[in-house]
Structure formats: structure tokens, C-alpha cells
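This report is meant to be read beside the model. It turns to charged side chains, polar side chains and a nonpolar patch.

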Amino acid sequence: MLMSAFGNVVWLLYTAMLVLAVVAFVLAAVAREDAYRAASKQTKPFWLIILGIAVVVNLLVPMLFLQLAGLVASIVFFVDVRPALKQVGGGGGGGGGWRRGGGSSSDGPYGPYNGRR
């Protein structure tokens, strides 16, 4: 029973590393090319190659060392590159959450609450 639980935990960790790599790859692909240069980070193709390799390794190669290298690349993208891309305005998410236009804190779903039109 203990070995079965350990196997489930290991499978869950592998799945989490794969999901993290896929999300990082998609976010890197959505960001604009010029945002990478403006943020003084490596180029978009560089990050797409590194994160693409991380996805492929997680899918096809059951070697923990290579998967951990992909995990490190994904974490570096999320912690260093993505915030810099969002700061220069090319992070793909718009930087404003679900509101694309920015808006103010007094805006409701149909316009401002304070009566301004």
C-alpha cells in the first residue's frame, strides 16, 4: 500500500511538472517578440526552444534529472521573464486581469458606479 501511495505521489509530481512546462510554453508563445528585447531578456525563440524541450522531456523521457532541468527553466520563466514582459506591456495577458481596458476601481460590470459616462 505504501508503494502504491508513493507511486501516486511521483505520478502527481510528474504531471505537475508537465503542466507547469506547458503553461510556461504557451505564455512564452503568446508574448510579443519585441517585449523580450524591451525587457532585456533572451529572445522569444530561445525561450520557446527551452520550454518546448522541457515539455518534450516531460512527455517522452522518464529521466528525473532532465525533468528537473525543465522545471528549473519553467520556474525561471515564471519568476524572472514573465514579470518583466508584463511590466513592458507584452506579457500576453494585458497586465490588467480580466479587464482589457484597465478601468478604475469604481467601475462596475456596466460602467462606472459614480455616475460618470
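The paragraphs below take up the salt bridges, then two residues of one helix, then the surface patch.

The model is a predicted one, and in it the count of salt bridges comes to three. The table sets out the pairs with their N to O distances.

| Positive side chain | Negative side chain | N to O distance |
|---|---|---|
| Arg32 | Asp34 | 2.9 Å |
| Arg37 | Glu33 | 3.5 Å |
| Lys41 | Asp80 | 3.0 Å |

In the bridge between Lys41 and Asp80, Lys41 belongs to the loop between α2 and α3 while Asp80 belongs to helix α4 (residues 64-88), so this pair ties together parts that are 39 residues apart in sequence. Lys41 is partly exposed at 26% relative accessibility, and Asp80 is partly exposed as well, with a relative accessible area of 37%.

The bridge between Glu33 and Arg37 is set within helix α2 (residues 33-38), where the two residues are four residues apart, about one turn of the helix. Glu33 is partly exposed, with a relative accessible area of 30%, whereas Arg37, at 55% relative accessibility, counts as exposed. In the pair formed by Arg32 and Asp34, Arg32 is partly exposed with a relative accessible area of 42%, and Asp34 is partly exposed at 34% relative accessibility.

Which side chain of opposite charge is nearest to Lys44? That side chain is Glu33, at a distance of 5.7 Å, and Lys44, although buried, has no salt bridge; the 5.7 Å separation is to be read against the rule that a salt bridge needs the side-chain nitrogen within 4 Å of a carboxyl oxygen. Lys44 lies in helix α3 (residues 44-60), and a polar atom of the Lys44 side chain is 2.7 Å from the backbone oxygen of Ala31. Beyond residues up to four places away in sequence, Lys44 touches Ala28, Ala29, Ala31, Glu33 and Tyr36.

Asn58 is also found in helix α3, and Asn58 is buried, with a relative accessible area of 11%. The Asn58 side chain reaches the backbone oxygen of Ala54 at 2.9 Å, and, once neighbours within four places in sequence are set aside, Asn58 is in contact with Met17, Leu18, Ala21 and Gln67.

Finally, Val22, Phe25, Val26 and Val30 make a nonpolar surface patch of about 290 Å². Of these residues, Phe25 lies in helix α1 (residues 2-30) and is partly exposed, with a relative accessible area of 31%.

Note on methods
Residues numbered from 1 in each chain as written. Predicted model: local features only at pLDDT ≥ 70, side-chain atom pairs only at ≥ 80, totals over all residues. Heavy atoms only, no water. Buried < 20%, exposed > 50% of the residue type's maximum accessible area, 1.4 Å probe, protein only. Lys, Arg positive; Asp, Glu negative; His and termini not counted. Polar contact = N/O pair within 3.5 Å; in protein donor to acceptor, adjacent residues only side chain to side chain. Contact = heavy atoms within 4.5 Å. Patch = residues over 30% accessible without salt bridge, like charges linked within 9 Å, V, L, I, M, F, W, Y side chains within 5 Å. Areas by Shrake-Rupley, 256 points an atom, 1.4 Å probe, with all protein chains shown as cover.
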